[in-house]
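Student: Can we go through this model together? I have a few short questions.

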Amino acid sequence: MDNTVKSGIITKCLGGLYTVESPDGIYVCKARGVFRSKGISPCAGDMVEIKDETIISVAERRNCIIRPPLANLDQLIFVVSTCEPAPNYLLLDKFIAIAEYKGIKPVIAVTKTDLDSGSEIIQIYSSIGIDVLEVNYSDTRSVDAVRKLLAKKISAFTGNSGAGKSTLLNAVDPALNIPTAEISKKLGRGKHTTRHAELYRLETGGYIADTPGFSTFETNRYDIIRKEELAGCFREMAQFTDKCRFNDCSHTCEKGCAVLEAVSEGRIPRSRHTSYCNMYDEAKQLKEWEIK
């Protein structure tokens, strides 16, 4: 038995077993029983130490998302299709806000541009400083741009079911061979082909996770943002929030609100502010026990 302590990254968690990749090899490990009593639940992306095929310590995380459980992400790539399914701006803005809240770089990859240009998506999010990549499989340069973005980073793909996450991943690195599914014509959305979070090592270095498709019912499982913190998760509001007439301005309907003025002048995209207002109303309804 090898008693050497090794360092590595968890790439897969399934059935109480953890796959750990280290410079010495790949190991399938169990976690120490004491972790549960300390409220520690190792997940993909965690940097760990192992000994005798047992995880003995978990390093402090830079960030994590709750569902699916993933830690230490450098970036979240939101895969948005121009159609089939059509873009859901509120849902997209909710997840971008969570990425901002967690200190994870948000990126948008627009798919199915052969069916629709997606110009509105590109204009809105490029204007607020979010990287937007157009994916056209007939143009290898667009896939190369995604491949370059992922190199030497820990990233996750997420988005509506059927938006083409797994298809894009397979185009970036064919060796991954991730299962895909056709759009359900009856439901108007894709079938869930991804059942758990798993990190895949890329040929260019770094790791990528293909996550389950999300729905409007699942956003709070990623994390919950208090209404007082919400404006800080909309980067385009930052330069205006301290110019409002009232210190406790909600930036939704108040007279003298600099954010509302910026929206009316076109300096903040109206769709983004509409999403903010919807999220603010939802946050007001939260009970304290739901936030903790």
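**Helix 2, strands and totals**

Student: What phi does Gly103 take just after helix 2?
Tutor: Gly103 takes a positive phi of about 75°. Helices here are DSSP runs of H or I with at least four residues, strands are runs of E with at least two, and both are numbered from the N terminus.

Student: Before I go on, where do the values come from?
Tutor: This is a predicted model: local features need pLDDT of at least 70, side-chain atom pairs count only at pLDDT 80 or more, and totals for chains, interfaces and linings use all residues. Residues are numbered from 1 along each chain as its sequence is written, and side-chain values use heavy atoms, with hydrogens and water left out.

Student: Back to helix 2. How many residues does helix 2 have, and what does it span?
Tutor: Helix 2 covers residues 89-102, 14 residues, and reaches 20 Å from its first C-alpha to its last. That is close to the 20 Å expected at 1.5 Å a residue, where the expected span is 1.5 Å times one less than the number of residues.

Student: What happens at the start of helix 2?
Tutor: A side-chain oxygen of Asn88 comes to within 3.3 Å of the backbone nitrogen of Leu90.

Student: Is helix 2 mostly covered or mostly open?
Tutor: Mostly covered, with 11 of its 14 residues buried. Buried means under 20% relative accessible area, exposed over 50%, and partly exposed in between, with a 1.4 Å probe and protein chains only. The buried ones include Leu91, Phe95, Ile98 and Lys102.

Student: And strand 8, how many of its residues are buried?
Tutor: In strand 8 (residues 75-81), 7 of its 7 residues are buried. Gln75, Ile77, Val79 and Ser81 lie on one side, and Leu76, Phe78 and Val80 on the other.

Student: In which sense does strand 8 pair with strand 9?
Tutor: Parallel, over 7 bridges, with strand 9 at residues 105-111. Two strands pair if DSSP finds at least two bridges between them. Ser81 stands opposite Thr111 in strand 9.

Student: Different topic: in what order do the strands of the barrel close?
Tutor: 5 strands close into a barrel in the order 1-2-3-5-4, with mixed pairing. Strand 1 (residues 6-14) and strand 4 (residues 47-51) are antiparallel over 4 bridges, and Lys6 has Ile50 in strand 4 as its bridge partner.

Student: Last one: how many helices and strands are there in the protein chain?
Tutor: There are 10 helices and 15 strands. Of the 292 residues, 49% count as buried.

How values were computed: A polar contact is a pair of N or O atoms within 3.5 Å; within protein, one must be able to donate a hydrogen and the other to accept it, and residues adjacent in sequence count only if both atoms are side-chain atoms.
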